[in-house]
Amino acid sequence: MAAIEDPAAFILRETKIKPVPHAEEIRLHLADEAMALWQKTEEQLGEIGLAPPFWAFAWAGGQGLARYILDTPELVRGKKVLDFACGSGLVGIAAMMAGAACCHSVDIDPFALAATKLNAALNSVSLTHETTDITASSLPDADVLFCGDVFYDQRMATKVLAMLERAAQEEMLVFIGDPGRSYLPEERLEELATYVVPVTGALEDNEIKRTQVFRFQAA
């Protein structure tokens, strides 16, 4: 089957516009059926074993961060924000709605950047974005860094933790949203808020997750 030549058209075709369950001020292009979309993405890209389409769902950590940002706008007001592993763009959109000066969204998946661009337009905010692995490069200029749901894999967690150390050394404020995934560096975190959020049961171990927002503490 031919590869997907237009990610934005694919996203528009395979998703529906829905409010985010725990941040209903924000609407996203979201998938109804996780496994069906995952399979269709693999088939149309001609690759087996792709990562889940993170851009098509409102994950627990991202929902927690979005809610915390919207409820605590002074966290980002007038500041430069970096949204790492942005997925759908949910966190960056929340930051811009809360009054951030700007937000730069990064992800290694070009579909995530296409979804972020569509979702930003849907919510009438403007983001800059790039497809790159900033864990292996210099960090974009920012005052505040957000990352949600990134500690699910040991290799990924190791890379992210090193990046967060660099961000803290550059005097960025670092905030993490996570529902207690396996490699969360709990000893380095200050808990700020806890939420109970609806999630996609086919991708998680439940349809309701307890998720937390943390501030990362420099070593």
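Among contacts in the chain between residues at least 6 apart in sequence, what percentage join residues at least 24 apart? In this predicted model, the figure is 66%.

**Whole chain.** Start with everything selected and coloured by secondary structure. The chain has six helices and nine strands. Next, switch on the surface. Its accessible area is about 10,000 Å², and carbon and sulfur atoms account for 49% of that. Of the 219 residues in the chain, 53% are buried.

**Helix H3.** Select residues 60–71, which form helix H3. Put a distance between the first and last C-alpha atoms of H3: the twelve residues reach 17 Å, close to the 16 Å expected at 1.5 Å a residue.

Now show the side chains of H3 along with their surroundings. Eleven of the twelve residues in this helix are buried, so H3 is mostly covered. The buried set begins with Ala60, Gly61, Gly62, Gln63 and Gly64. It also includes Leu65, Ala66, Arg67, Tyr68, Ile69 and Leu70. Arg67 and Gln63 can be picked out individually here; both are among the buried residues of H3.

**Strand E9.** Move to residues 208–216, which make up strand E9, and select lysine 209 within that strand. Is lysine 209 buried or exposed? Its relative accessibility is 12%, and because buried means under 20%, lysine 209 counts as buried.

Keep lysine 209 selected and add valine 197. These two residues are twelve apart along the chain, and their C-alpha atoms are separated by 5.4 Å. A distance label between the two C-alpha atoms will show that separation of 5.4 Å.

Definitions and conventions. Residues are numbered from 1 along each chain as its sequence is written. This is a predicted model: local features need pLDDT of at least 70, side-chain atom pairs count only at pLDDT 80 or more; totals for chains, interfaces and linings use all residues. Side-chain values use heavy atoms; hydrogens and water are left out. Helices (H or I, at least four residues) and strands (E, at least two) are DSSP runs, numbered from the N terminus. Buried means under 20% relative accessible area, exposed over 50%, partly exposed in between (1.4 Å probe, protein chains only). The expected span of a helix is 1.5 Å times one less than its number of residues. Contact means heavy atoms within 4.5 Å. Accessible areas come from the Shrake-Rupley method with a 1.4 Å probe; for residues, only the protein chains shown count as cover.
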